[in-house]
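Here is a quick briefing for anyone opening this structure for the first time. Have a look around, then read on for a few places to stop.

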There are 2 protein chains.
Amino acid sequence: MDMVERYVPILNWGRRYSRDKFGRDFLAAVIVTIMLIPQSLAYALLAGLPPEVGLYASILPLVAYGVFGSSTSLAVGPVAVVSLMTAAAIGRIAQEGTADYASAAIVLALLSGGILTLMGLFRLGFIANFLSHPVISGFITASGLIIATSQVGGLLGISSTGHAMPELLASLAGHLEQFNPYTFAVGAASLAALVWVRTGMKGMLVSVGLPSTIATLAVRAAPVVVVLLAIAASAAFDLGTKGVALVGEVPQGIPLLSLPDLDLDIVSALIVPAFIISIVGFVESISVAQTLAAKKRERIDPDQELVGLGAANIASAFGSGFPVTGGFARSVVNHDAGAATPAAGMFTAVGIALATLLLTPFLALLPKATLAATIVVAVLALVDFSILKKSWSYSKADFAAVATTLAGTLIFGVETGISLGVAASVLVFFYRSSRPHMAIVGRVPGTEHFRNINRHDVRTDPHILALRVDESLYFANARYLEERIAREISGRPGITQVILMCPAVNAIDMSALESLEAINIRLKEQGIGLNLSEVKGPVMDRLKRSDFLDHLNGRVFLSHHDAVDALSVSLVP
Amino acid sequence: MDMVERYVPILNWGRRYSRDKFGRDFLAAVIVTIMLIPQSLAYALLAGLPPEVGLYASILPLVAYGVFGSSTSLAVGPVAVVSLMTAAAIGRIAQEGTADYASAAIVLALLSGGILTLMGLFRLGFIANFLSHPVISGFITASGLIIATSQVGGLLGISSTGHAMPELLASLAGHLEQFNPYTFAVGAASLAALVWVRTGMKGMLVSVGLPSTIATLAVRAAPVVVVLLAIAASAAFDLGTKGVALVGEVPQGIPLLSLPDLDLDIVSALIVPAFIISIVGFVESISVAQTLAAKKRERIDPDQELVGLGAANIASAFGSGFPVTGGFARSVVNHDAGAATPAAGMFTAVGIALATLLLTPFLALLPKATLAATIVVAVLALVDFSILKKSWSYSKADFAAVATTLAGTLIFGVETGISLGVAASVLVFFYRSSRPHMAIVGRVPGTEHFRNINRHDVRTDPHILALRVDESLYFANARYLEERIAREISGRPGITQVILMCPAVNAIDMSALESLEAINIRLKEQGIGLNLSEVKGPVMDRLKRSDFLDHLNGRVFLSHHDAVDALSVSLVP
């Protein structure tokens, strides 16, 4: 029972559900629903799918997350970056607007859900660690720029294709003659209205006397009003006949429990993108979930979050949707509105279902330019170049990872960009630790302390090479250790003892062990002893499991002072 | 001038060349030449090339290494593992026995040489660190098994194809009806003779009164005698007419300075294999070079070794050869025979050139089964399963890397196998460091020492969470730190101060910095201070370059004792 509860958190919090919590969850759900309607329509468009698919992806996934998720604040649904990644992935294997395209999106959601769930069950969340902060920052900024650029065509009435900058810009430049003044008017008006909603509306409402809470609510509902106004304008001025692209007829009702069509070719083409989307979606989601959990002094279980997001994506597949994850802005709104349990998301699902039934008849008249404006306003908040400056001043290695990810994503698109970023951060990490800091140490006169001979006035014994290793020893730096000791020895014929001082060596892996064995043999052939001092407990435990210590041509000393005392033949105290 | 000498070591040692050194180098060269003749023929066969190509690859490359190499002991030429990798790489794009196949081998050598040289000039030798000891051990053992199996057909007169176990075994099983008793007789006799040469010959010679040194020389010359005997038997019994595969007619002379034919398709198909071959060849070569250098109290420069091996491979391409590297057994023989400078390799090249001119007329009659036996005897020395047991007892993580490499190479072949091995060792490394050891610490009563509360009887303050971090903080464990602190805090409502004790934190990267910032903000919202103690100098220098310390809701203390003293409100001293 404990096991079941662990993987199905609703069994735990559901039992203690109360009228008070219901009230808070219900209010939060109403606000999130109103916020989610235009967003879900817009992100479906961004993914290259019909707008109503965005609504579908905001129903079942929220219910599934409510059952399996562990965050009491996370609001799941379509998000901008994942929608762009979806478009990039399925755009390679199907033509936008076809049934194959929509069904590929469903397969992608199913694969992503399966991958997330398996990662959660096998506790493989650590894989997400490969996405370092610099890589994520660079990736999100680049994605925001690509998304905004991809919507410029929609605002001007120009058709454009591509999921990376060079292709997008060339496509826009090549279709400038399609410019439509009516589309531009709708797009610019929508953009202006949405920007004002974000920047000026609350202040104005408060200044005319509305309470701040009411003003905040009004701001959150305003994008829906913009959508409704755009529909009204479209009807009043018959914009469809003037060349303004409209959403067009959409099917009525909600397609419940469709069965994904699993073709092996499509699955193998989408498995890698599904993996990358899963990791990116998880990382985005977990960071907002952790931040919001901390505000409530709660904690979330990352492995359970994988299961929750996995279930949400599998549900999205069965509900004719596309990949979803926890949205940042939306989760903050959910939290601020007082959401107490994952039930808030389930009520949001009900709200979106009702909206789907009521709204679809009107959607036909909605200008796509309004949705493009919604996307642009949302994603510009993602663009943040400050990470470039910050990482430059903190560490050139991290800057290299940011710059590689940013440039790679802009030029080559999302999957290649993030892969280059991960490769860069792993390479940079190994490069940095491949030449660890090591210092030759000597005794501070009259003490038992030993310090770097280059920084302190210390005494050394000409027969002893005492080298402090300031890093764990493992495959990336094992060979460097061999080289370094060979270099120090080759210049000093008087040396008869080497002491490796290991207080900062947190681990020694098999590669480093074999290097130590090679060093030991080589030194022995030169008549030089190899000794260790201040080896940490866990490291020593492991060394004892090998036969290294049996063959060591020297000793292991608890303190470096003991080592020097025992081995010294001429040290002046 | 200093710069030129750095990259062209012959300018340095050549100036101090002496009659004594000449004598030593010449003797070593004679012995290595005799050893290299059958090996170079056999390894060419293993690479799927005509035997004489092995001789070509043992002439110019040795001269080039002599000019650019830094090891005084390394003997360069065709080696077993690199020959197998060559066959696997070019077998995909050309049919064995065709002109395209031979020219692809030349392109592969040229690419490999270019990659090695560039890595040397740009000091990128650290890339080789990705090949951890466990990965190399697993790879060499698996390669030895594949090579031995690939020669079984040659010993029995059965044709077989494939560069991985499943394909090889299926191919052998499918052609059993080709079994030829004459071929088997030649193969078995050659194998028995060569095994006896390795195991029993020296003892017998010594027991009949020969001096040990003479006996050793005889053992080294014996394989050439086996080859000559096989040729004699082939002629005497007219084995060619009895279905025994012979080497056949080979062109006379030495093709000097052929120009590689660079086709863009072939280059792009071979660039990745060339990279992998370069790294594997370099790692094999550098480890024997370092071991032998240490015996002479010399040291070799890994970056210069890259240049030396790069020059050798470029020379191999221009001399109609195939990829080469430093051979283990051969270099040991070179060293033991007294080689004093890289000139020994140049003299060996002269020896092989003479042998090529004198030997080729006889090669036509040499049974291929004898070369197969030469290969089998050589590679079985590579097979060593003890690494499995050793790594299992030392560290399960390293065992996983060995097992992945071994199984991956046997099943999928050399390139996939080694790639899986590298991926496994990188993943395992990040997995291990993704959950670093952290200990809650308390004061040892009456002292200024702080120890793990789970291992020692120590005093703690209920308002303070003091966590010692036993690992550098970077992207792989940054999120774990966030989770760990959230977990510790969520169970203890009384805590008002967190102290991270950092004596073992050798570095904090940007990801960890951002995690610390997030932790700081989350703790602040809960009314909890965040403090650091015993931060290392270089880490502190870096933190000062960010604005983390400006926003830190707490202080940085030099010693943990100071921190607890300053923050404690109820500690009983």
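## Around helix 15

Right after helix 15 of chain A comes G338(A), with a positive phi near 100°. Keep in mind that this is a predicted model. The points below start with that helix, move to the place where chain A and chain B meet, and finish with a few single residues and a surface patch.

**Helix 15 of chain A**

- Helix 15 covers residues 328-336 of chain A, and its buried residues are R330(A), S331(A), V333(A), N334(A) and H335(A).
- Several elements of chain A help cover those buried residues, including helix 3 (19-46), strand 1 (76-77), helix 12 (212-236), helix 13 and helix 16 (343-363).

**Where chain A meets chain B**

- How much area do chain A and chain B bury between them? The figure is about 6400 Å², with 55% of it on carbon and sulfur atoms.
- Three residues, R297(A), Y394(A) and R479(A), account for 15% of the area that chain A buries against chain B, which is more than any other three residues supply.
- In terms of residues, chain A brings 70 to the contact and chain B brings 71.
- Six salt bridges are found across the interface of chain A and chain B.
- E525(A) and K295(B) pair up through their side chains in a salt bridge, at 3.8 Å from N to O.
- There are also 32 residue pairs in polar contact across the interface, with both residues at pLDDT 80 or more.
- On the side of chain A that touches chain B, the elements giving two or more residues include helix 8 (133-156), helix 13 (264-295), helix 14 (302-318) and helix 18 (386-394). Also among them are helix 20 (414-434), helix 21 (475-490), helix 22 (510-525) and helix 23 (537-544) of chain A.
- Which helix gives the most to that side of chain A? Helix 21 of chain A does, with nine residues.

**Two loop residues with positive phi**

- R123(A) sits in the loop that links helix 7 (99-121) and helix 8 of chain A. R123(A) isn't a glycine, yet its phi is positive, near 55°.
- R123(A) counts as partly exposed, because its relative accessible area is 38%.
- Over in chain B, D238(B) belongs to the loop between helix 12 (212-236) and helix 13 (264-295). Here too a residue other than glycine has a positive phi, near 50° for D238(B).
- With a relative accessible area of 42%, D238(B) is partly exposed.

**A buried serine in chain B**

- Is S278(B) buried or exposed? S278(B) has 1% relative accessibility, so it counts as buried.
- S278(B) is part of helix 13 of chain B, and its side chain reaches the backbone oxygen of A274(B) at 2.6 Å.
- Setting aside neighbours within four places in sequence, S278(B) is in contact with S112(B), I115(B) and L116(B).

**A nonpolar patch on chain A**

- Which residues make the nonpolar surface patch of about 510 Å²? They are W196(A), M204(A), V208(A), L210(A), I214(A) and L217(A).
- One of them, W196(A), has its place in helix 10 (residues 181-199) of chain A. W196(A) is partly exposed, as its relative accessible area is 39%.

Conventions. Residues numbered from 1 in each chain as written. Chains lettered and ligands numbered in written order. Heavy atoms only, no water. Patch = residues over 30% accessible without salt bridge, like charges linked within 9 Å, V, L, I, M, F, W, Y side chains within 5 Å. Areas by Shrake-Rupley, 256 points an atom, 1.4 Å probe, with all protein chains shown as cover. Salt bridge = Lys/Arg side-chain N within 4 Å of Asp/Glu carboxyl O. Helix = DSSP H or I, 4+ residues; strand = E, 2+ residues; numbered from the N terminus. Buried < 20%, exposed > 50% of the residue type's maximum accessible area, 1.4 Å probe, protein only. Contact = heavy atoms within 4.5 Å. Buried area = accessible area lost by both parts, 1.4 Å probe. Polar contact = N/O pair within 3.5 Å; in protein donor to acceptor, adjacent residues only side chain to side chain.
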